[in-house]
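Subject: Structure handover

Hello,

Here is the structure I said I would pass on. Please have it open while you read the notes underneath.

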Amino acid sequence: MAFKALLATKTSEKISTSVVEMNDQDLMPGDVTVAVDYSTVNYKDAIAISGRGEIIRQFPLIPGIDLAGTVEASSYPGIAVGDRVVANGWALSQTHHGGYAQKARLKGEWLVKIPAPFSTKDAMAIGTAGYTAMLSVLALEHGGLTPQRGDVLVTGANGGVGSIAVAILSHLGYRVIASTGRLEEAAYLRALGAAEIIDRRTLSEQGAPISRERWAGAVDSVGSHTLVNVLAQTQYRGVVTACGLAQGVDLPGTVLPFILRNITLAGIDSVNAPQEVRFEAWSRLARDLDLAKLARTTQVVGLTQVPDVVRRMFAGKVQGRTVVDVNA
């Protein structure tokens with residue numbers, strides 16, 4: 001049966017994408033077939049489609065590290081026809097066809113049933129970005145952080161991870177400081193729950209190896225000098241999560257925050273997290289994410305608009321989450 005997909009091809013070291021018609025025989029191996037409703041555009045998707053990083057490892061391939069839809073066929077225990085499911089990460093958009101298509105065939109172990117409060121659109125408004133934000137919150141809690149300990153900083157606050165992290169943390173009672181390069185969008189961040197907005201430039205340049213204590217914890221999606229400065233200003237026994245590399249993959253700092261302030265730096269991997277961690281994250285999202293706030297972060301586009309979203313993302317013009325309606 002024919003379906004539409006955004007297919008990535010590579011010629012002369014350049015990646016190009018186009019909407020094509022494919023058939024069931026073009027699907028990859030798996031024990032669950034999903035009628036896809038929505039995907040999304042994450043920063044990793046932008047890197048993959050643009051070729052700025054070697055995310056896609058074989059061509060041609062359908063990109064999209066996320067998808068949500070309804071099961072059409074399944075031989076995997078615990079996943080039945082009619083179940084609403086979500087997939088984040090794993091091999092999608094790397095070696096396995098991803099979410100930018102009306103149909104997908106996947107391994108059942110990659111799937112999580114969508115919690116009752118969420119629609120398939122909600123699941124992709126959350127997407128890998130929101131799921132990563134919740135993994136970060138879980139890591140903060142695992143490190144002993146509570147709202148009573150002090151403020152929590154969120155860097156890259158206007159982006160997908162940042163927006164949802166602000167919404168979740170404020171809902172849990174934390175006083176959230178949002179770092180952004182788009183101060184003109186402060187009202188958006190305050191509507192999500194940010195109590196204070198700071199200019200990202202105060203964190204993005206080389207700074208002192210250790211500085212005045214400002215926050216008890218942080219969710220960082222930026223990396224490089226920003227993460228180093230975040231660590232340098234974290235309070236004694238604070239917790240910082242690292243889940244992104246928008247500024248860079250380097251960490252040009254020292255061990256002083258760790259040995260003088262006993263700070264914990266927790267790495268966040270959303271791609272290969274085991275199922276039990278995913279179940280916990282999605283269960284907590286269903287409990288701790290305000291759907292009204294989620295709606296404020298979300299815009300919807302069709303498959304043909306994905307490349308334009310990628311261009312605007314690199315230009316710093318995308319706010320919050322972009323959901324892709326694969327059937328539009």
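Below is what was found in it, starting with the pocket and going on to the salt bridges and the backbone. Please keep in mind that this is a predicted model.

**The pocket and the patch beside Tyr43**

The largest pocket has a volume of about 1,300 Å³. Its lining is made up of 48 residues, and those closest to the centre are Tyr43, Ser221, Gly244, Leu245 and Ala246. Several elements give two or more residues to this lining: helices α1, α2 (120–142), α3 (160–171) and α10 (306–314), together with strand β9 (176–180). Sorted by class, the lining holds 22 polar, 18 nonpolar and 8 charged residues.

Two of the central residues turn up again on the surface. Tyr43 and Leu245 join Val249 in a nonpolar surface patch of about 300 Å². Tyr43 belongs to helix α1, which covers residues 43–50. Its relative accessible area is 34%, so Tyr43 is partly exposed; a residue needs over 30% to be taken into a patch.

**Salt bridges**

How many salt bridges are there? The count comes to 13. Three pairs and one network are described here.

The first pair is Lys103 with Glu72, whose side chains meet at 3.5 Å, N to O. This pair links distant parts of the chain, with Lys103 in strand β6 (residues 103–106) and Glu72 in strand β4, 31 residues apart. Strand β4 itself runs over residues 66–74. Are the two partners buried or exposed? Lys103 is buried, with a relative accessible area of 9%, whereas Glu72 is partly exposed at 39%. Glu72 also has a neighbour from another part of the sequence: Thr33 is 39 residues away along the chain, yet the two C-alpha atoms are 5.5 Å apart.

The second pair is Arg175 with Asp151, at 2.9 Å from N to O. Both residues are in loops: Arg175 lies between α3 and β9, and Asp151 between α2 and β8 (152–154), so the salt bridge ties together parts that are 24 residues apart in sequence. Here the arginine is partly exposed, with a relative accessible area of 36%, while Asp151 is buried at 17%.

The third pair is Arg182 with Glu185, where the closest N and O atoms are 3.1 Å apart. In this case Arg182 is buried, at 15% relative accessible area, and Glu185 is buried too, at 19%. The value for Glu185 counts as buried because the cut-off is under 20%.

The network is made of Glu141, Arg284, Arg287 and Asp288, linked by salt bridges. Of its members, Glu141 is found in helix α2. Glu141 counts as partly exposed, with 29% relative accessibility. Its C-alpha atom is separated by 10.0 Å from that of Gly217, a residue 76 positions away along the chain.

**Backbone points**

Most residues other than glycine have a negative phi, and most peptide bonds are trans. Against that background, three places in the model are worth a look.

- Phe59 and Pro60 are joined by a cis peptide bond, with omega about -10°. Pro60 lies in the loop between α1 and β4.
- Trp90 has a positive phi, near 50°, and is not a glycine. This tryptophan is in the loop between β5 (84–88) and β6. Trp90 is buried, with a relative accessible area of 16%.
- Asn262 also has a positive phi, about 55°, without being a glycine. Asn262 is placed in the loop between α7 (256–261) and β13 (264–267). With 34% relative accessibility, Asn262 counts as partly exposed.

**Where to look**

If you want a short route through the model, begin at Tyr43, which is among the residues closest to the centre of the largest pocket and also part of the nonpolar patch. Then go to Glu72 in strand β4 and follow its salt bridge to Lys103. End at the cis peptide bond between Phe59 and Pro60.

Regards

Note on methods: Residues numbered from 1 in each chain as written. Predicted model: local features only at pLDDT ≥ 70, side-chain atom pairs only at ≥ 80, totals over all residues. Heavy atoms only, no water. Patch = residues over 30% accessible without salt bridge, like charges linked within 9 Å, V, L, I, M, F, W, Y side chains within 5 Å. Areas by Shrake-Rupley, 256 points an atom, 1.4 Å probe, with all protein chains shown as cover. Salt bridge = Lys/Arg side-chain N within 4 Å of Asp/Glu carboxyl O. Helix = DSSP H or I, 4+ residues; strand = E, 2+ residues; numbered from the N terminus. Buried < 20%, exposed > 50% of the residue type's maximum accessible area, 1.4 Å probe, protein only. 1 Å grid on protein atoms, 1.4 Å probe; cavity = no way out; pocket = protein on both sides within 12 Å on 5 of 7 lines; lining within 4 Å. Points joined across faces, edges and corners; volume = space filled by probe spheres on them. Nonpolar A, V, L, I, M, F, W, Y, C, P; charged D, E, K, R; others polar.
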